[in-house]
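Reader: I am new to this structure and would be grateful for a close look at one part of it. Please take the packing of a pair of helices, and then the charged side chains that pair with one another.

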Amino acid sequence: MARAMVLLWACYSALLTGTCVNGLGVNWGTQTSTPLDPKYVVQMLKDNKINKVKLFDSDHWTVHQFAGTGIEVMLGIPNLNLKKFSKDYDAVQDYVKENVSDHLRDHGGVKIKYIAVGNEPFLKAYKGEYEKTIFPALKNVQKALNEAGLGNKIKATIPQNADVYNSGTAGPSAGNFRPEIRDLMVKISRFLDENNCPFIVNIYPFLSLYENEDFPIEFAFFDGGGQGVQDRNIHYTNMLDANLDTLTYSLKKAGANKVKIIVGEIGWPTDGNQHANAKMARRFYNGLLKKLASNKGTPLHPGYIEVYLFSLTDENQKSVAPGYFERHWGIFRYDGQPKFPIDFSGQGNEKMPVGAKNVTYLSHQWCVLNDDVKNMSKVRVTLDYACSLGDCTSLSYGSSCNKLSERMNASYAFNMYYQMNEQSVEACDFNGVAKITNRNYSTQECLFPVEIMSAAGKNLAGTSVLVGLLSLLALS
């Protein structure tokens, strides 16, 4: 009893200081040249009072680091596994044993709550690739959890993009699943409802703004500005509420109106587009977190909304097919250092969050354009090459490094390639037009980063640089 009172007082004290977060989660992806050590990530989550994390795979070493921490974990099964998991039940059983059951006995146990089967499998860009495999895979994973005696505590689900439903030009009450996948979505929704599994949806107001120049920008935020959307007797002032209620209507029409809804991804990028910057991200998160802290919910679903922010850190190897901003969703930089003030409690007491501690960097040196290079036409081929295998998204229009000179552009591109290849000497050659320097070329707006030390001790730089040099020679 005394211990319980101590815990209650600790939480009450935390609420007074604005540091206690009510069930807030965050996504952590690792599509980066050098992922942060999971031990640092665990400590970051603890320091910022974030007690839920959503992963995109089930890497054994990574998941092991959450044992005994009390942090709730959502494991991920990539889309590339859906075909096998839809047909090979033995493989699914092996997955549950090795990636779920074994971790529950691991040093106090990993607090696994959900298994995300696939990720946004109905994106139009996939052209129906996963339509035949996603539902059988989902059923097999939940069946294996049930047979392992875990089905009451751990649930399988599918993170869906919000484009699986829409309401056309009408309000949320006209919401329904897309016609071409409606029958399948009805079956999936009813399965989730019957098995007490949540419906996970990823909602991105930024993408609506990015994809439609006429999208009312104020509707993406939570300040109540703009005209909003009137639907019957309800006035919607922000996209999140309208989107969630559109899903609620869609589920009701599917006969699955009792299923729990979780926002699996929501956030705002900080680079790679004119609307992607720290100022707008700060505004978005400030409004979102205040809304979540109020527990007002949506017009149709008042109360608590379970949310996973996207994302914890930047990922410099994500596909840029959707846009250059894809590599800049992190609230924290690649090295776990914060980008802008944020109050995860939603009380409005904005301050810089606690960054990753004890991160080890490579040598403080950079790869830049040689001073004696005068003919920039010779540089352009090597610059294009560096950008194709490195990360030049911050050089794009409206981005943090967009105002650099032509020479500085080349230096930025060379340095990104050099750092992403673990500062290998061979990665700073570029047919003799580049050099290694101890001078930091960063500007007030544009960071020339230094890579962090690999957590897993993997040294892939030699192989990638060798392949790169051969490609560059072919271009010369």
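Author: A crossing of two helices is called right-handed if the near helix is turned clockwise from the far one by less than a right angle, and left-handed if the turn is anticlockwise. In this predicted model, the crossing of helices α5 and α6 is right-handed. Helix α5 covers residues 89–104 and helix α6 covers residues 134–147; their axes come within 9 Å and cross at roughly 55°. An angle from 35 to 65 degrees is neither roughly parallel nor roughly perpendicular, and α5 and α6 are therefore oblique to each other.

The contact itself can be described residue by residue. From α5, the participants are Tyr89, Val92, Gln93, Val96 and Val100, and they meet Asn140, Val141, Lys143, Ala144, Leu145 and Glu147 of α6. By character, the residues of this contact comprise seven nonpolar, two polar and two charged.

The charged side chains come next. Side chains of opposite charge can pair when their charged atoms come close. In this model the count of salt bridges is 20. One of them joins lysine 52 to glutamate 306, with a distance of 3.0 Å from N to O. This pair links distant parts of the chain, since lysine 52 belongs to strand β2 (residues 52–55) and glutamate 306 to strand β13 (residues 306–309), 254 residues apart. Burial is assigned to residues under 20% relative accessible area. Lysine 52, at 10%, is therefore buried, and glutamate 306, at 4%, is buried as well.

Strand β2 also takes part in a salt bridge through lysine 54, whose partner is glutamate 265, the closest N and O atoms being 3.4 Å apart. Glutamate 265 lies in strand β12 (residues 261–266), so this pair ties together parts that are 211 residues apart in sequence. Both glutamate 265 and lysine 54 are buried.

Another salt bridge is formed by aspartate 88 and lysine 84, whose side chains meet at 3.4 Å, N to O. Residues between 20% and 50% relative accessible area are classed as partly exposed. Aspartate 88 is therefore partly exposed at 27%, and lysine 84 is likewise partly exposed at 46%. Finally, salt bridges that share partners join Lys52, Lys260 and Glu306 into one network.

Definitions and conventions:
Residues are numbered from 1 along each chain as its sequence is written. This is a predicted model: local features need pLDDT of at least 70, side-chain atom pairs count only at pLDDT 80 or more; totals for chains, interfaces and linings use all residues. Side-chain values use heavy atoms; hydrogens and water are left out. Axes are lines fitted to C-alpha atoms, for helices over the stretch in contact, and angles run from 0 to 180 degrees between N-to-C directions. Helices (H or I, at least four residues) and strands (E, at least two) are DSSP runs, numbered from the N terminus. Angles under 35 degrees count as roughly parallel, over 145 as roughly antiparallel, 65 to 115 as roughly perpendicular and the rest as oblique. Contact means heavy atoms within 4.5 Å. Ala, Val, Leu, Ile, Met, Phe, Trp, Tyr, Cys and Pro count as nonpolar, Asp, Glu, Lys and Arg as charged, and the others, Gly among them, as polar. A salt bridge is a side-chain nitrogen of Lys or Arg within 4 Å of a carboxyl oxygen of Asp or Glu. Buried means under 20% relative accessible area, exposed over 50%, partly exposed in between (1.4 Å probe, protein chains only).
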